[in-house]
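Colleague: I am new to this structure and would be grateful for a close look at a single part of it. Please begin with the terms that part requires, and then set it beside other parts of the chain.

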Amino acid sequence: MIIGLDDTDSKNGMCTTYLTAVLIEKLKGYGTIKGYPLLIRLNPNIKYKTRGNAALALPVELNRSADAENVKQLVTSTLEEMAVFSEENTNPGVVFIEKTPQRMQNDLSLFSMRAVQDVLEIHEALELLARHGISYRGYKNKRGLIGALAAAGFALCGLPDPTFELIAYREKERWGTPRWMDEDSVWAAAATPGTWDTADYENKRIVFAPHSPDPILFGIRGRSEDAVRCAFLMIKSEPVERHVVYKTNQNTDMHLISAKISDVQDDRSYILDGRVSKAPKTIEGGHVIFEISDTCAALECAAFEPTKGFRHLIRQLRAGDEVTVYGSVKERTLNLEKIKINSLNLYESRNPLCCGKRMKSMGRGQGYRCEKCGATRKEPVTESLQRNISPGFYEVPPSARRHLAKPLVRFDMPPAASSCAH
Ligand SMILES: [Zn+2]
């Protein structure tokens with residue numbers, strides 16, 4: 001049986017991963033988890049999300065198939081006990097996949113990818129559930145069924161490029177109080193090969209622990225269970241109530257669609273090629289905005305204030321630079337997660353020099369005139385530009401990274417085979 005769960009989070013307390021962690025323990029009497037529980041990040045642009053837009057799936061091998069109804073009962077009653085129904089944006093959903101015919105797998109693999117890249121409506125989930133006779137329980141407006149079904153779909157059809165996260169949970173009586181951990185031990189753990197985003201070296205900040213009042217103490221991300229466990233063993237902290245290693249689609253760029261600028265729609269995320277057509281400018285709040293174009297369309301791109309030092313790089317761009325941008329589009333603005341500078345514009349057109357000064361333009365298409373000696377020139381001159389940046393890949397710091405964005409360290413990282421010294 002595959003159990004899919006979504007949208008039991010609240011702004012100040014519950015999170016669906018904790019509910020899943022509790023369920024893993026409760027389900028021990030009925031069977032074993034097949035492989036890993038899945039932590040799936042859905043389209044990060046969906047407006048009504050509570051926090052990280054995460055959905056969970058638990059693949060369970062039941063000891064006796066006769067227990068299926070008891071398991072469903074246990075899951076729904078645990079969810080009803082733990083979810084925060086009073087919050088407007090909490091609309092829990094749970095699905096139970098028991099039989100898995102090929103036709104259902106085809107439908108689900110498509111649906112799951114759309115939940116990450118596209119915008120789905122509740123009725124699409126309900127239609128799929130009905131078509132395949134999948135049992136489910138939807139609460140309030142039932143929106144959680146979208147994520148629950150998508151996560152179950154990935155558990156059924158597999159993740160193409162999985163990563164892992166070990167989440168450690170706090171003792172209940174500490175929820176809402178400041179988290180305690182030994183910072184030196186965290187910095188040491190952050191250096192574990194095959195892990196990333198435990199700390200932000202550039203901004204000298206520990207970033208793997210939330211500051212919200214939820215049950216999570218911290219989460220360690222990495223390429224294998226081995227790698228995240230290795231880092232976990234190094235951390236000295238307040239007591240860990242329980243911990244779970246999840247298989248995830250985090251840090252994989254699964255949300256990004258390769259497209260042309262003219263195909264861009266709001267609330268989706270893209271990889272786009274273009275040429276800088278309007279130079280970067282810093283606007284109120286410290287955000288940096290520029291425009292890219294191809295032969296038929298243009299789009300604004302932004303490096304927002306929380307991307308910190310990344311903005312220094314963006315400010316160095318000039319019109320004519322060829323780039324590939326990575327990020328989510330909202331209100332016709334792409335929020336940069338990464339950028340690849342393919343080539344720099346090394347030349348610029350300038351007014352000609354005469355008598356040691358720049359000649360004055362006499363109007364559009366009218367040529368140039370020297371104010372001192374009166375000489376005229378028809379054309380501007382092309383001069384080479386000094387640039388302080390080089391072609392290559394650049395990314396936002398870990399503190400500003402979105403869950404789905406693939407960090408550059410992962411581009412050269414072999415998939416598994418880690419060696420833990422502990
Ligand atoms: Zn002159």
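Modeller: A residue is called buried under 20% relative accessible area, exposed over 50%, and partly exposed in between (1.4 Å probe, protein chains only). Strands (E, at least two residues) and helices (H or I, at least four) are DSSP runs numbered from the N terminus. The model is predicted: local features need pLDDT of at least 70 and side-chain atom pairs pLDDT 80 or more, whereas totals for chains, interfaces and linings use all residues. Residues are numbered from 1 along each chain as its sequence is written, and side-chain values use heavy atoms, without hydrogens and water.

The part I have chosen is strand β15, which comprises residues 288-293. Six of its six residues are buried, so the strand is largely enclosed by the rest of the structure. The covering applies to both faces of β15. On one side lie V288, F290 and I292, and on the other I289, E291 and S293; all of these residues are buried.

The neighbours of β15 in pairing come next; two strands pair if DSSP finds at least two bridges between them. Strand β14 (residues 269-282) is joined to β15 by five bridges in the antiparallel sense. Within this pairing, K278 has E291 of β15 as its bridge partner, and E291 is also among the buried residues listed above. Five residues separate β14 from β15 in the hairpin that the two strands form. One residue of that turn, G285, has a positive phi of about 95 degrees.

Strand β16 (residues 298-303) also runs antiparallel to β15, and six bridges join the two. Here I289 has A302 in β16 as its bridge partner. These two strands likewise form a hairpin, with four residues between them.

A further set of strands offers a second view of pairing. Strands β22, β23 and β24 form an open sheet in the order β22-β23-β24, with antiparallel pairing. Its edge strands, β22 (360-361) and β24, each pair on one side only. Two bridges connect β22 with β23, and K360 stands opposite R369 in β23.

Buried residues also occur in helices. In helix α7 (residues 225-234), the residues A227, V228, C230, A231 and F232 are buried. Through contacts (heavy atoms within 4.5 Å), the buried residues of α7 pack against β7 (163-170), α6 (183-190), β8 (195-196), β11 (216-222) and β12. Helix α2 has buried residues A68, V71, K72, L74, V75, T76, T78, L79 and M82. These buried residues of α2 pack against β1 (2-6), α1 (16-26), β4 (54-62), β5 (93-97) and β6 (135-138).

Finally, the positive phi of G285 may be set beside two positive values outside glycine. K142 is not a glycine, yet its phi is positive, at about 70 degrees. This lysine is found in the loop between β6 and α5 (144-157). K142 counts as partly exposed because its relative accessible area is 31%. N251, also a residue other than glycine, has a positive phi near 60 degrees, and its place is in the loop between β12 (240-248) and β13 (256-258). N251 counts as buried because its relative accessible area is 0%.
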